Amino acid sequence: MELRVLRYFLTVAREESISRAAQALHLSQPTLSRQLMALEEEVGKPLFLRGSRHVTLTEDGILLRKRASEILDLVEKTQSELRETEVITTGDVYIGGGETDGMALIAQAVRRFQARYPQVRFHLFSANADDLFERMDKGLLDFGLVLDAVIPGKYDSLRLPAKNHWGLVVPKTSPLAQQAHITPDDLRQVPLLMSRQAHAISDFSQWLGYDFTQLQVVATYNLIYNAALMVQAGVGCALTLNHLINTGQDSGVCFRPLFPTLECGMSLVWPKYQVRSKVSQAFFRLLTEQLHAPPIP
């Protein structure tokens, strides 16, 4: 399975048209069609449903699209690492993270690093912890930024001086908006949009003092932005971390912290025994220096 053909396949999947894909690839349509048929013959399964005006992916095509994207991303990352020299002039660092203001610490380190090495590029990937761990296991990310409570044992980690507090995003018209805090009993009374990550945090289960099944979970989410839109629409209240959404005057929602306070630390993680590129090693050293530097008076 040639990388060139995988790129052809992804272009057709994106364009949903062999003719448009051929134009984008600067190939003739018959040539591209032959390459696709050869690919289908190689995998032994049809990858496209061909209509009169456009093509769509079969279930096997959808799987190949995901794997082909990962393969080409890994090839690009590997080529970038192999081009590195002992003296860092260019390179790429791949960092994944959920929606958290802990990323501000990473951003400060990125700014300082690029001041030293302006031709190094950073690639950010936003996702929940499960997706980040999957991409790190496949070598597609150098580092992941996750909550301390969800770190598996096969990862090394660097604790960041960032604390996140759990709370509830509620419509400003809700009676809960008049409260200073949200208690476990309050959560039982309202429809909830819950982060799938919360189920994996034992501290949250202990904080509740009762089983998750007693909550009225009407939806789950992996990133908070769309969940906040659901709150504004009156679907329910979203359990999330602080400082992640706009709660300004025009937002229509507000954040109320849980009580007793429930907080969670943040860590930068990476697979144990991972062979890191020179540029990612240099970035890690700078980040470590930044975290241990004395505060500026």
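Modeller: Two strands are said to pair if DSSP finds at least two bridges between them, and with that idea in hand we can begin to read this model, which is a predicted one.

Colleague: How many bridges pair S6 with strand S10, and in which sense do the two pair?

Modeller: Strand S10, which covers residues 253-257, pairs with S6 in the antiparallel sense over 5 bridges, and one place to look is Val170, whose bridge partner in S10 is Cys254.

Colleague: Which strand is joined to strand S6 by 9 bridges?

Modeller: That is strand S11, residues 263-271, which runs antiparallel to S6, itself made of residues 155-171; here you can find Ser157 standing opposite Val269 in S11. S6 also pairs with S9, again in the antiparallel sense, over 4 bridges, and in S9 the bridge partner of Val169 is Ala238.

Colleague: Turning to single residues, is Ser195 buried or exposed?

Modeller: Buried means a relative accessible area under 20%, and because the value for Ser195 is 9%, this residue counts as buried. Ser195 lies in strand S7, which spans residues 191-195, and, if we leave aside its neighbours within four places in sequence, Ser195 is in contact with Tyr221 and Leu239.

Colleague: Where is Val235 placed, between which helix and which strand?

Modeller: Val235 is found in the loop between helix H9 (224-232) and strand S9 (237-241). Partly exposed residues fall between the 20% and 50% limits, so Val235, at 34% relative accessibility, counts as partly exposed. Together with Val218 and Met230, Val235 forms a nonpolar patch on the surface, and the three have about 230 Å² of accessible area together.

Methods
Residues numbered from 1 in each chain as written. Predicted model: local features only at pLDDT ≥ 70, side-chain atom pairs only at ≥ 80, totals over all residues. Heavy atoms only, no water. Buried < 20%, exposed > 50% of the residue type's maximum accessible area, 1.4 Å probe, protein only. Contact = heavy atoms within 4.5 Å. Patch = residues over 30% accessible without salt bridge, like charges linked within 9 Å, V, L, I, M, F, W, Y side chains within 5 Å. Areas by Shrake-Rupley, 256 points an atom, 1.4 Å probe, with all protein chains shown as cover. Salt bridge = Lys/Arg side-chain N within 4 Å of Asp/Glu carboxyl O.
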